[in-house]
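Here's a walk through one structure, with an eye on charged pairs, cysteines, a surface patch and strand pairing. Have a look at the model first, then read on.

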Amino acid sequence: MVPHYSRGGRTVNDKKYVSIDIGGTAIKYGLLSEKGEIISRGERKTESYKGGPSILKKVVKITNSFCETEEISGICISTAGMVDTTKGEIFHSASLIPNYKGINFKKTLENKFHVPCEVENDVNCAGLAEYISGAAMGSRAALMLPSEPVSAGV
C-alpha cells in the first residue's frame, strides 16, 4: 500500500489521539498524531465548582466532537487529583472540585468510544513531557515541582 500524504507530512493512516488536560480553571484539549503533532486544539472553562460529574460530561462532549470527524485510536487524560492509573479513577481530590473522588474516566470513555483510555495525574504528565521533549530531555532523572498549592512529580 502506498501512503497518501496530507499537509504537514502526516499520512492519511496516522493514528490520532484525543488528549485532555483537566485543570482547576480550564480544560485544554487537542487531537494529536501518533508522532505527537498537534492537529487541532481548544480550551473551555472547567467550572470546577459544578463538580466531578459535570467535568466528566464535558470530557465526553469534547471526545465526541473529535469522533464526529476523525477516527481516534485512544484517549489520554491529565487531571488534578490523585489517580488510580490502573482503574483510571480519581481516588482523592482537593475540595476545589466537589464530588471528584470516584469519577472513573477510563471506564466511562472506553465503554462509550471503544478505544483505550489512559488517565494520569497532571503533575506527573508535566514531568514526563519535560523528560521526553522539554527541559529535562536527555537527563537520567527529572523532578517537577509546580505549585497549586503543593505538587511534585518524579
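## Lys50, Glu47 and Lys58

In this predicted model, Lys50 pairs up with Glu47 in a salt bridge, and their closest N and O atoms sit 3.4 Å apart. Neither partner is hidden away: Lys50 is partly exposed, at 46% relative accessible area, and Glu47 is partly exposed as well, at 25%.

Glu47 has another partner too. Its side chain meets that of Lys58 in a salt bridge, at 2.6 Å from N to O. This pair links distant parts of the chain, eleven residues apart: Lys58 belongs to helix H1 (residues 52–67), while Glu47 is in the loop between strand E3 (38–45) and H1. Lys58 is buried, with a relative accessible area of 12%.

## Glu118 and Lys106

Further along the chain, you'll find Glu118 and Lys106 with their side chains in a salt bridge, 3.5 Å from N to O. Glu118 is part of strand E7 (residues 117–121) and Lys106 is part of helix H2 (residues 105–113), so this contact ties together parts that lie twelve residues apart in sequence. The two ends differ in cover: Glu118 is partly exposed at 46% relative accessibility, whereas Lys106 is buried at 15%.

Now back to the earlier trio. Shared partners in their salt bridges join Glu47, Lys50 and Lys58 into one network. How many salt bridges does the structure hold? The count is five, and the ones described here are among them.

## Cysteines

How many disulfides does the structure hold? The answer is zero. Take Cys125: the closest cysteine sulfur to its own belongs to Cys76, and that one is 7.8 Å away, too far for a bond. The cut-off for a disulfide is 2.5 Å between the sulfur atoms, so a separation of 7.8 Å for Cys125 and Cys76 doesn't qualify.

As for how much of these residues shows at the surface, Cys125 counts as partly exposed, at 25% relative accessibility. Cys67 is partly exposed too, with a relative accessible area of 27%.

## A nonpolar patch

If you're scanning the surface for nonpolar side chains, check Leu128, Tyr131 and Ile132, which make a patch of about 290 Å². Tyr131 is in helix H3, which covers residues 122–133. With a relative accessible area of 34%, Tyr131 is partly exposed.

## Strand E4 and its partners

Is strand E4 enclosed or open to the outside? Five of the six residues of E4 (residues 74–79) are buried, so this strand is largely enclosed by the rest of the structure.

E4 pairs with strand E1 (residues 16–22) through six bridges, and the two run parallel. In that pairing, Val18 stands opposite Ile75 in E4. E4 also pairs with E7: five bridges join them, and they run parallel as well. There, Thr79 stands opposite Asn121 in E7. E7 is a strand you've already met, as it carries Glu118, the residue that reaches Lys106 in helix H2.

One thing to keep in mind when you look at side chains here: in a regular strand they alternate between the two faces of the sheet.

Definitions and conventions. Residues are numbered from 1 along each chain as its sequence is written. This is a predicted model: local features need pLDDT of at least 70, side-chain atom pairs count only at pLDDT 80 or more; totals for chains, interfaces and linings use all residues. Side-chain values use heavy atoms; hydrogens and water are left out. A salt bridge is a side-chain nitrogen of Lys or Arg within 4 Å of a carboxyl oxygen of Asp or Glu. Buried means under 20% relative accessible area, exposed over 50%, partly exposed in between (1.4 Å probe, protein chains only). Helices (H or I, at least four residues) and strands (E, at least two) are DSSP runs, numbered from the N terminus. Patches are made of residues with over 30% relative accessible area and no salt bridge: like charges are joined within 9 Å, nonpolar side chains (Val, Leu, Ile, Met, Phe, Trp, Tyr) within 5 Å. Accessible areas come from the Shrake-Rupley method with a 1.4 Å probe; for residues, only the protein chains shown count as cover. Two strands pair if DSSP finds at least two bridges between them.
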